Each structure stands twice: as structure tokens, then as C-alpha cells.
Amino acid sequence: MDYNGYFKDRSRNLIATGHYRETHMVLDSVTGPWATVNSTRTLMFGSNDYLGLSADRRIIEAGVQALERYGTGSGGSRLTTGSFSLHHELESRLARYKGTEACLLFNSGYTANLGTISAICSKDWTVFGDRFNHASIVDGILLSGARLSRYRHNSMEDLESRLDADENTMKLIVTDGVFSMDGDIAPLPQICQLARSYNALVMVDDAHGMGVLGADGMGSVSHFNLKDSVDLQMGTLSKGIPAVGGFISGSHTTVDYLRNHSRSFIYTTALPPHVAACAIRALEIIEAEPWRRSHLAELSLHLKTRLIQVGFDVADSQTPIIPVITGEAGITTRLAALLLEDGIFIPSIRPPTVPKGKGRLRITLTASHTQEDTEILMDRLTHHAGALGLIAR
Ligand SMILES: *Cc1c(COP(=O)(O)O)cnc(C)c1O
């Protein structure tokens, strides 16, 4: 067997179909609205740093202090020698923030979803998941061996008929709170109601809702006032909170269960303590500075209104994730390249990540963007989209 040839062939296929991936966006600065990308000053509309905190001096100082005090690595897993006071403090703060009894840290949002779903479900479960759920949810379900029932995006009719037809007694409904490609919000009140009727557990992945939605930025569950109806709230420390890590908030019983059964929690080295210190400081700032959330909401609404006025389709965006639907993959790539030449970065998203014909530029705004930044964007975007015939000139 020629393994090198095998890998090369498979890569050639990707190149031929336009799906080859590379890490050729290289940053050399903080990820603020103006970042140095491939040595060029670039206006960024692709970061998940929703609250504009990734270069906040107070968070950097908290991290540096913890680095000085505890060193660079945690030196062990949480169940052996890697549990620091800062991990426990962060867990109790996150639990309080989310309005739950307890919380468990993971090393990323990805491993939180993977380890949680695979620990809870097994082959006598059915997991009902939105078709647009994040890959880490899908992977967790596949790893669990449970039956996977994917319902049409946000379709409560489809979810109900699937719940109705399923004969497994153990059921989990899992959804993104905010969908990462359309920026729309899951109908959580209806999902919780169906869960009650069919005696199913509910899990919400709130990666994009945290710090952005709800009172005090507590997320999509608090946006709908449903903290007593959602069994498991998953969050990440890598978006609104500008660090790295993931967590699950829920009851004492659920969190104790996960601590004992979740393999991606058990068999890995704990997050370095300074990461926990940064996350704690960021949480304090998010609670103390609601202007970040309100500025972000106002700027997002403003930009969406302007985009719609000039004729763009922004799907059902209700958040700082604003898709500009461009259609065919070729046009999407072309438009993104023209904008980059003008010093504006917006990620282009193409099938199979989104449905065929639904290619898009996926704009994300942060609290550190200004109206001046969005005016620059509007100017260049309408210019190039007009030239490409995407909107009327
Ligand atoms: C980013 C993201 C994750 C993964 O979180 P990481 O901390 O980046 O691993 C999971 N779910 C959703 C919906 C996400 O957007």
C-alpha cells in the first residue's frame, strides 16, 4: 500500500472540488477589529471575540499574575494533580452566572459536547438534533452509539413527529442556542415544551449566546427565561469569553455523573490555571459592563438594516452573526477576495458547510467595532457586490 499516494489522491479530490483547506490567514497582532493579517493591516469581520475583550488589559493582567503564581501548565488531570483553586472558582462562578447548581470545565467546547453526549447516551437512547447543529454535537452522538434523529432546522413539527414516532424511552433533544451559520436563535420555549410532553432531556449549546444574549449576557437560555427547563447548558470560554475551554452547567447530579463518566474530562490534562484566571476576570467584566452587549446589539441591527436596504439577503440573523447570502461558491470566493484586497476580511462559507446555493460571507461583529468600521464595510461591499451583479447598482 502506497500511503503517501493515498493521501495525495484524496487531497487532489478536495482541490478539484474546491474543498481543500489551508491555514493561510496568519495573524500577527491581537484579534481586534483592526488586525495584522499576513503582514497587512486588516479590518476584521470574522472574529468570535463578541465582546471585544481579547486584548483587554485587565484580563491580560489577571492572566499574567496567575502565570507568575502558578506557572504555565497544570501538570495533571483534574482528577489527579491538576485541579487548582482557580478551576473551582471558575466552575462556581459559571454555575452562578448560568443560574445552575453546578458546572464542570472541559478543555474546549468541542470536548465538552463530545464528552457529555457520549457519557450520557448509549445505544438505547435516541438523540434528536437540529440539522444545523455544530459538528461537535454530531460527533458526540456518533461516539455514544445512540440513534441519531436529525430534524429540519428549527422545525418543531418535524421534531414532534420524530418524538412521537420513536419508541426508545431514553431521549435527548440537543440544539445550538444560536446557530453559527445563520445567526438565528433556536425556538427554546417550544423545544422545552416538547421535551416535557415526551419526557426528554434538553441540552443547549450556547457557544454564540454567552455574553451576547439575555439579561446580564447569560445566554439564549436566559433570553427565554428557561433555566429551570434546560437540563444541560454547554458553553465555551473561547468566544464571548476570550480564552479557551468549555463547560457544562446543570444540576449537581448531572455534573457529578459527568465528572465520573465523561472520558474527555477524565483522560486529559486540566486547563492551565492562568486560562481560568482570564476567564474569571472576563466574566466579571461582562457582568459589570452591559454597554458591550447593548452596543453590539445596536451595531448589529444597524448593519443588518443597511444591508437589507441595499438589497442583500441576511437570512434570519438575530445576533451579531450576519450572513450575506451570495449563492454560488465561485461568487462567494470572488467577493471575499476582492474585499481582502481592500483590507477587509470576512470569512466565506461554502457548501458543504452550508446548503448548496447558500454560499455566504459570514460577518461577525464585536463590541469593539464602531459605526465607522461598518460604514467602510458597507462602502466596499456594495461596490464589489454591485460590480458582480449581486445587488442592483
Ligand atoms: C465554537 C463552537 C463549539 C466549539 O467550541 P470550542 O471551544 O471552540 O471548541 C461548539 N459549538 C458551537 C455551536 C460552536 O460555535
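About 1,700 Å³ of space lies in the largest pocket of this structure. The model is predicted. The pocket makes a good place to start. Its lining counts 46 residues. Nearest its centre are R21, P347, S348, I349 and R350. Several elements give two or more residues to this lining: α5 (135–144), α13, β11, β12 and β13. Which of them gives the most? It is α13, with four residues. By class, the lining of the largest pocket divides into 21 nonpolar, 16 polar and nine charged residues.

Helix α13 deserves a look of its own. It runs over residues 329–341, which makes 13 residues. At 1.5 Å a residue, a helix of that length should span 18 Å. The end C-alpha atoms of α13 are 19 Å apart, so the model agrees with the expected span.

Which residues of α13 are buried? They are T332, L335, A336, L338 and L339. These residues cover an arc of only 160° around the axis, so they sit on the same side of α13. A general rule of helices helps here. An α-helix has 3.6 residues a turn, so residues three or four places apart point the same way. Now turn to the face of α13 that points away from the buried side. That face carries the exposed residues G330 and E341.

What covers the buried residues of α13? The cover includes the strands β10 (321–327), β11 (344–345), β12 (348–349) and β13 (359–364). Helix α14 (371–387) is also part of the cover. Three of these names are familiar from the largest pocket: β11, β12 and β13 each give two or more residues to its lining. Follow the chain past α13 and you come to G343. Its phi is positive, near 85°.

Further along comes a feature of the backbone. Most residues other than glycine have a negative phi, and most peptide bonds are trans. The peptide bond from P351 to P352 is cis, with omega near 10°. P352 lies in the loop between β12 and β13.

Go back towards the start of the chain for two more backbone features. The loop between β1 (34–37) and β2 (40–44) holds N38. N38 is not a glycine, yet its phi is positive, near 45°. S39 lies in the loop between β1 and β2 as well. It is not a glycine either, and its phi is positive, about 70°. How exposed are these residues? N38 has a relative accessible area of 41%, so it counts as partly exposed. S39 reaches 71%, so it counts as exposed.

Next comes the second largest pocket. Its volume is about 190 Å³. Its lining counts 13 residues. V212, L213, A297, Q318 and T319 lie nearest its centre. The lining of the second largest pocket divides into six nonpolar, five polar and two charged residues.

Cavities are the next topic. Rolling a probe the size of a water molecule over the atoms shows where empty space is left. How many cavities of 30 Å³ or more does the structure hold? It holds two.

The largest cavity has about 70 Å³ of space. Among the residues that line it are R78, H87 and N107. Others in the lining include L105 and F106, along with S264 and F265. T268, T269, A270 and L271 also line the largest cavity. Two elements give two or more residues to this lining, namely β3 (102–106) and α10 (263–266). By class, the lining of the largest cavity has five nonpolar, five polar and one charged residues.

The second largest cavity has about 40 Å³ of space. It is lined by G129, D130, N133, I137, V138, I141, L148 and R150. Which elements supply at least two residues each? They are β4 (125–130), α5 and β5 (147–151). The largest share, three residues, comes from α5. Helix α5 has been met before, in the lining of the largest pocket, where it gives two or more residues. By class, the lining of the second largest cavity has four nonpolar, two polar and two charged residues.

Technical notes: Residues are numbered from 1 along each chain as its sequence is written. This is a predicted model: local features need pLDDT of at least 70, side-chain atom pairs count only at pLDDT 80 or more; totals for chains, interfaces and linings use all residues. Side-chain values use heavy atoms; hydrogens and water are left out. The expected span of a helix is 1.5 Å times one less than its number of residues. Buried means under 20% relative accessible area, exposed over 50%, partly exposed in between (1.4 Å probe, protein chains only). The arc is that of the directions from the helix axis to the C-beta atoms. Contact means heavy atoms within 4.5 Å. On a 1 Å grid over the protein atoms alone, a cavity is a set of points where a 1.4 Å probe fits but cannot get out, and a pocket is an open set with protein on both sides within 12 Å along at least five of seven lines; lining residues have an atom within 4 Å of a point. Grid points are joined across faces, edges and corners, and a volume is the space filled by probe spheres set on the points. Ala, Val, Leu, Ile, Met, Phe, Trp, Tyr, Cys and Pro count as nonpolar, Asp, Glu, Lys and Arg as charged, and the others, Gly among them, as polar.
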